Amino acid sequence: MSRSSTNSTIVEYPAEAARASNLSPDGGDEDSIDIRSLLLKVWRGRWIIAISIVVFLTLAALAVSQLEPRYKSSAKVMFGIQKTNVVDVQQVLVSPEFDQDTLQNEIEVLSSDNLVRRVTEDLNLGRDPEFNPLLAAAQAQDSIFDQIRATFSLPPEVNDFLMNIGLVSAPTPPPDEEEARFREQMAVVAAVQQGLSLRPVVGSRVIEISFTADDPRTAARIVNAVAEQYIVDQLEAKLETTRSATDWLTGRVEELRLRVQESEEAVEALRAELSSAAGQSLDITQQQLGALNASLSVARNRSAQIEAEYARLTEALELGRDMGSVREFRESILIRDYREEAGELQDRLDSLSANHPEREQISAQLERINARMREEAELITQSIKVELDGSLAQEEVLRRDIRNLEAQSLAQSREEIQLRQLEREAQAGRLLYENFLTRLKETTQQEDLQEADARVLSPAKPPLDPETGVKKQLIAASVVLGGFVGLGLIFLLDQLNNTFRAPQHIETMTGQAVLATIPAIGARVHRRDVIKNFLDKPGSSLAESIRNLRTSILFSNVDRPPKVVMFTSSVPREGKSTTSMLTAITSRQMGKSAIIVDCDLRLPSVVQLLRVEEDKPGLLSVLEGTATFRQALYEDPDTGLHVLMARQGERKAQVNAADILSSQKFSDLIQTLSNQYDLVVLDTPPALIVTDARILASSVDAVIYAVRWDHTPRDAVLEGLKELKSVKAPIAGIVMTMVNEAKASRYAYDGYNYYKGQYKEYYLK
């Protein structure tokens, strides 16, 4: 007989790969959120949610019934009132800025420790046990735990030993008197702050101040005291700010006055120093410098004229020109006389003959006269030279004087710049001093005009009825908390569940196809009753599921339908034997010959299922040769099914079931059965209990693995499949047994098999 080791409709991969896949137990992507699955899960646990809500609501009702009546009193305060500023004219028509940050700032001021502390001191709340935890603790009676602790206190030696090893902490030293008073005061402040609530009125500048207390009059007194202290705090803060500004301005004005005085004194001192050092002002120096520059210009012109005249006379002398052609020489009386005398002598000389005896005398006189005339001309030229030297000397003196005056003017200009700088500083200081002096006068007047930025719109009154908001909130919170706890329990129980409730989950975790789901027909129903129900109700959901399983087995390998099919499971009581029996019966009903072989030699179950007498030989007798196959074969009178049973009386202590199933005789028997029957069903022991299933798995055409719905642990299924895969077992798929269709329909919303649970009226009863 040939055995197919592969299955065309089976996709096998390790369970570890299935776990590492991106599919969720419902077959979806883990990154996606299946809203329908979540809602269905919540709907399944609706009673858990309802019970959780009822429990928490009951606890809340008990807690509310134990609460003391509390009274809430409220007052409204409007702040940011526009004030008239009669001092600063520019601010008379300007309204103070207002925004949400300002509103929050005022709320923080109202709840501040300083303001609440002043309220506690004003109302003497430190003597009220409601707000002073020390007084409340002193008046309270010791609880039963305190009494037990006082009765069964540890001996001092034991207590010291525990402190030494660190199990008990050493008592802290008591605080000093001042620290104790401070702690008590802060505890009272914290108690008042705990009962104080501040709520801004939307769209306005109004804050509602509320306080909840045991006594209605106390609540109203505290609210009014908070509003009053808030207004007083505003006035004191403004007055303190104004006084601080006045003190600062006073010191600043005095500082500026001294600075202005010093600046003006520095200006006068520098001006006097400049006048004393220069002897004259810068204007006079500049006037003198202008006059000297004018004189220098005149002297330069005169020197140029004299120099030109001197050059002309020198040139005339050097060239021996006629004295009459030079104006300076011509205007000289001596030269004019010498010229007349020389002219007369020349005339006389010209009138004498060349051999006249007086001619030499006259010539000598003429030479003497010309020599005297030249000497006179040289004297005139020398006088011009002297005049030129004098003019140049005068010009040099003027230049020197001008340089001195320029240096003096430059020095005076620098000092004048420093003087003007000091004058500007003095002027700026004077203006700043006047401004601060004006502001000081305004601030001084402002001290008498301070008004609060807030006023009480409606003072608090003692409430007539106790506050019920806390009770309502507590009840509402209990409902919400109960709902969340119920949801948490639903998801916790779902995560703690280690079984399979949906075919998609099995396929995802194992990588094996689910061939069919076999419904349970009731709780605590005997297997014989299941077979009877199957036979009596051929149109029931159970019968349809078995036929569906039979069809899935036949089509698990279309080319070579399996003939030898083995049923196994992870652990006992999985419905494996009943399912295998029903599968064989279904094949018989379809007109096919079928036989079921009970391979569980240790705990035979088919005998109990059919209630057959024990005196007939069984499987072991056939394998041992003490009986023939026909002698051991049992035919069910109700179904005509052939059964080869393993009987409890045939088992021998020295015989190993695994050795028998792995023997050649058993293999030959299975071969003979497969030749005679259309379907041979092997009912084997659980795969995780003994090795029988692994031994037989290699000799069959298909292995059907039974998993009990919402019962078999996942790890057991994965480990059982792993054991079969280790021997290359031809696993055709998984069948879910004993499915509670009513519950299963609530655990999944897709898949043909689970719609059967929702539409059971479709099947015949």
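The paragraphs below lead through this predicted model, from the chain as a whole to selected sheets, helices, cores and single residues.

The chain holds 28 helices and twelve strands. Of its 765 residues, 38% are buried. Among the contacts in the chain with a separation of 6 or more, 80% are between residues 24 or more positions apart.

A convenient place to begin is the open sheet that four strands form in the order β2-β3-β1-β4, with antiparallel pairing. The edges of this sheet are β2 (196-200) and β4 (454-458), each of which pairs on one side only. On average, and with direction ignored, neighbouring strands of the sheet are turned by 30° against each other. At the β2 edge, five bridges connect β2 with strand β3 (residues 206-213), and these two strands run antiparallel. Within that pairing, Leu 196 has Phe 211 in β3 as its bridge partner. Helix α9 (residues 177-195) packs on the sheet, where it touches β2 and β3, and its direction makes about 40° with that of β2.

Helix α9 also has a helical partner. Helix α5 (residues 113-123) packs with α9 at an angle of about 100°, the two axes being 9 Å apart. The angle falls between 65 and 115 degrees, and α5 is therefore roughly perpendicular to α9. From α5, the residues Asp 113, Val 116, Arg 117, Thr 120 and Glu 121 take part, and they meet Gln 185, Met 186, Val 188, Val 189, Val 192 and Gln 193 of α9. By character, the residues of this contact divide into five nonpolar, three polar and three charged.

Gln 185 gives a closer view of this contact, since its place is in helix α9. Leaving out residues up to four places away in sequence, Gln 185 touches Arg 117 and Glu 121. Is Gln 185 buried, exposed or partly exposed? Because its relative accessibility is 27%, Gln 185 counts as partly exposed. The C-alpha atom of Gln 185 is 7.1 Å from that of Gly 126, although the two residues are 59 residues apart in sequence.

A second region can be followed from strand β10 (residues 679-683), in which five of the five residues are buried. In a regular strand the side chains alternate between the two faces of the sheet. Both faces of β10 are covered, with Leu 679, Val 681 and Asp 683 buried on one side and Val 680 and Leu 682 buried on the other. Strand β6 (residues 564-569) is joined to β10 by four bridges, and the two run parallel. Strand β7 (residues 594-598) pairs with β10 as well, in the parallel sense and over five bridges. Val 681 appears in both pairings: Val 565 stands opposite Val 681, and Val 681 is also the bridge partner of Ile 596.

In soluble globular proteins, nonpolar side chains tend to be buried together. Here the largest nonpolar core has 48 residues, and those with the most contacts inside it are Leu 644, Leu 673 and Leu 682. Leu 682 belongs to the set of buried residues in β10. Apart from neighbours within four places in sequence, Leu 682 is in contact with Val 564, Val 565, Met 566, Phe 567, Val 597, Cys 599, Ile 670 and Val 700. There is also a second, separate core of 34 residues, which includes Ile 531, Ala 584, Ile 585 and Val 643.

Ile 531 leads on to helix α17 (residues 527-536), whose buried residues are Arg 528, Val 530, Ile 531, Asn 533 and Phe 534. An α-helix has 3.6 residues a turn, so residues three or four places apart point the same way. Among the elements that cover the buried residues of α17 are α18 (541-554), α19 (576-589) and α20 (606-610).

Two residues are worth examining for their backbone angles. Most residues other than glycine have a negative phi. Asp 710, although not a glycine, has a positive phi of about 55°, and it is found in the loop between β11 (702-708) and α26 (714-725). With a relative accessible area of 26%, Asp 710 is partly exposed. Met 738, likewise a residue other than glycine, has a positive phi near 55°, but Met 738 lies in strand β12 (residues 731-739). The relative accessible area of Met 738 is 33%, which means that Met 738 is partly exposed.

Note on methods:
Residues are numbered from 1 along each chain as its sequence is written. This is a predicted model: local features need pLDDT of at least 70, side-chain atom pairs count only at pLDDT 80 or more; totals for chains, interfaces and linings use all residues. Side-chain values use heavy atoms; hydrogens and water are left out. Two strands pair if DSSP finds at least two bridges between them. Axes are lines fitted to C-alpha atoms, for helices over the stretch in contact, and angles run from 0 to 180 degrees between N-to-C directions. Contact means heavy atoms within 4.5 Å. Buried means under 20% relative accessible area, exposed over 50%, partly exposed in between (1.4 Å probe, protein chains only). A nonpolar core is a set of buried Ala, Val, Leu, Ile, Met, Phe, Trp, Tyr and Cys residues joined through side-chain atoms within 4.5 Å. Angles under 35 degrees count as roughly parallel, over 145 as roughly antiparallel, 65 to 115 as roughly perpendicular and the rest as oblique. Ala, Val, Leu, Ile, Met, Phe, Trp, Tyr, Cys and Pro count as nonpolar, Asp, Glu, Lys and Arg as charged, and the others, Gly among them, as polar.
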